[in-house]
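Reader: I'd like to learn how to read domains, salt bridges and burial in a model. Could you walk me through them?
Author: Gladly; let's look together.

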Amino acid sequence: MTETTVRARPRLPVSARAARFLVLLAVFVCAACGLVYELALVAIGSYLLGDSITQASVVLSVMVFAMGVGSLLSKRFQAHPAAAFAVIEGLLSLVGGLSVLLLYGAFAWFSAYQPALVVLSFAIGLLIGMEIPLLMTLIQRIRRQEASDAVADLFAADYVGGLIGGLAFPFLLLPLLGLPKGALMVGALNAVVGVAVVLWLFRAELTRRAYAGLSLGLAFIIAVLGLAYAYADQFEVDARQALYRDPIVHAERSEYQEIVLTRSLDGQDVRLFLNGSLQFSSLDEYRYHESLVHPAMAGPHEDVLVLGGGDGLALREILAYDDVASATLVDLDPAVIELASTDPVISDLNGDSLEDPRVDVVNADAFQWLRENREEFDVIIADLPDGDSVGTAKLYSVEFYALLRHALSEEGRMVVQAGSPFFAPEAYWGVGDSLEAADLAATPYNVDVPSFGNWGFYLTSSGSAPELRVPDDAPPLSFLDPALLEAAQVFPKDRREEDVEESTLMHPRIIGYHQGAWRGY
């Protein structure tokens with residue numbers, strides 16, 4: 001006969017039913033907090049690096065693996081489940097709450113983002129994985145029940161908490177608090193609920209030393225998170241400045257992206273960055289915009305469509321032609337339009353082009369806008385962000401170019417910025433293959449823009465490949481001339497056309513080259 005030791009039910013300050021409810025409430029809150037930590041890690045990676053799929057894959061796979069390890073590790077702490085659960089929740093709230101600031105700091109000052117992401121994902125996953133087995137023990141201490149029933153109750157609370165956390169993150173925390181402060185606030189909630197429930201509900205199981213230690217630990221965690229919350233804005237400013245060569249004169253996070261404007265100490269070089277990617281330098285932006293716009297204007301150009309280009313610099317070149325009757329600018333982010341219209345440096349640079357009566361500004365996603373568009377345009381300028389994530393890769397897909405072809409008049413011309421044929425030749429020539437698959441004939445060309453490096457474009461039409469030339473009625477130009485355009489069609493031998501598979505919505509090809517932009521070079 002085997003002797004079985006039955007642990008006595010702990011003395012509880014409330015009824016068993018109320019105690020079970022409080023434990024399940026803790027499960028609910030902790031699950032919501034855990035999912036917020038997970039989403040915060042994915043979001044900060046998307047903000048800093050732009051590749052949301054890769055960041056989500058790394059975070060999710062590492063966390064799920066770590067949760068399995070944590071579940072196994074929890075066996076070692078079953079003898080003292082209440083104290084162990086309180087310690088785990090305290091550590092989880094501290095690591096999870098500080099995770100965004102730690103990652104931002106690792107990226108800005110140490111260039112160690114990926115190792116830090118893996119370590120934090122593993123640590124958070126490990127601690128989350130230890131929660132449920134310990135909670136199972138605690139809830140069984142309150143009232144014995146069938147294991148399947150206990151598991152059903154715990155996982156129901158866990159999954160519903162995950163739903164609430166997942167919805168609260170984009171619709172409540174980010175709009176009201178932002179990413180760093182949102183994570184810190186969730187960490188404080190996690191600590192209060194996870195530790196305080198144990199201190200009150202299971203205090204009879206704790207020694208005086210354990211009770212005092214957990215109480216002091218909770219106070220310490222709240223103090224650390226509170227201090228981090230108070231200095232989060234200054235930390236973000238300092239970390240952001242470390243990413244750029246020149247002083248930041250304007251920074252904001254719009255609904256869609258982080259917008260940063262820098263100015264050199266001598267005031268000569270003003271640069272605009274969107275999500276860390278350089279959009280222009282005032283020293284040489286004319287090279288890029290003259291090369292982008294004027295070859296497309298060598299034909300009918302009464303009605304012009306600009307996709308992207310919210311800085312108004314492409315519009316400046318377009319509106320220099322007196323016979324342009326209308327220019328429609330479609331840009332996703334109204335904050336960029338507002339900045340380019342009101343900042344005196346940018347508005348002076350773009351010649352107040354956004355205020356021209358011929359210009360109609362539409363804030364919309366270019367892909368969706370084209371699907372609903374029924375107009376035709378003589379010239380289309382696709383001055384879009386690099387397709388360096390799945391979200392922007394659709395703007396370089398065969399389907400997108402097919403929509404553009406339908407919006408182009410019979411004799412119209414379209415130009416597409418296509419990244420760097422020097423630094424990313426496969427991506428550059430892939431744009432040409434995608435244009436060809438959409439029944440657009442294209443003429444490739446490339447120029448040197450010092451702040452970007454070598455940069456490439458495609459001049460296209462729905463007929464034969466268009467001739468690359470400066471329009472007869474072009475305004476005085478600082479960079480572009482016939483000799484340069486002739487040379488622009490020559491590519492180095494080691495950067496000439498490659499046979500690359502086209503990009504589609506179902507099989508996107510990530511294109512683009514970040515010109516060291518996060519460090520402001």
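Reader: How many Å separate the centres of domain 1 and domain 2?
Author: This is a predicted model, and in it the centres, taken over C-alpha atoms, are 45 Å apart. Domain 1 covers 16–243, while domain 2 covers 281–516.

Reader: Let's turn to charged pairs. How many salt bridges does the structure hold?
Author: A salt bridge is read from a side-chain nitrogen of Lys or Arg within 4 Å of a carboxyl oxygen of Asp or Glu. The structure holds 13 of them. One of these joins the side chains of Asp-356 and Arg-358, at 3.1 Å from N to O. There is also a network: Arg-245, Asp-246, Asp-269 and Arg-271 are linked through salt bridges that share partners.

Reader: Are Asp-356 and Arg-358 buried or partly exposed?
Author: Buried means under 20% relative accessible area, and partly exposed lies between that and 50%. Asp-356 has a relative accessible area of 18%, so Asp-356 is buried. Arg-358, at 22% relative accessibility, counts as partly exposed.

Reader: Within that network, what is the N to O distance between Asp-269 and Arg-271?
Author: Their side chains meet in a salt bridge at 2.9 Å. Asp-269 counts as buried because its relative accessibility is 4%. Arg-271 is buried as well, with a relative accessible area of 6%.

Reader: Now a pair from helices. Which residue forms a salt bridge with Arg-316?
Author: The partner is Glu-285, with the closest N and O atoms 2.8 Å apart. Arg-316 lies in helix 8 (residues 313–318) and Glu-285 in helix 7 (residues 285–293), so this pair ties together parts that are 31 residues apart in sequence. Arg-316 and Glu-285 are both buried.

Reader: What about Glu-317: where does this residue lie?
Author: Glu-317 lies in helix 8. Its relative accessibility is 8%, so Glu-317 counts as buried.

Reader: Which side chain does a polar contact join to that of Glu-317?
Author: That of His-294, at 2.7 Å.

Reader: And which residues is Glu-317 in contact with, leaving aside its neighbours within four places in sequence?
Author: The list is His-289, Glu-290, Val-293, His-294 and Leu-477. His-294 is thus a name you have met already, as the partner of Glu-317 in the 2.7 Å polar contact.

Definitions and conventions. Residues are numbered from 1 along each chain as its sequence is written. This is a predicted model: local features need pLDDT of at least 70, side-chain atom pairs count only at pLDDT 80 or more; totals for chains, interfaces and linings use all residues. Side-chain values use heavy atoms; hydrogens and water are left out. Domain bounds come from an automatic or database domain assignment. Buried means under 20% relative accessible area, exposed over 50%, partly exposed in between (1.4 Å probe, protein chains only). Helices (H or I, at least four residues) and strands (E, at least two) are DSSP runs, numbered from the N terminus. A polar contact is a pair of N or O atoms within 3.5 Å; within protein, one must be able to donate a hydrogen and the other to accept it, and residues adjacent in sequence count only if both atoms are side-chain atoms. Contact means heavy atoms within 4.5 Å.
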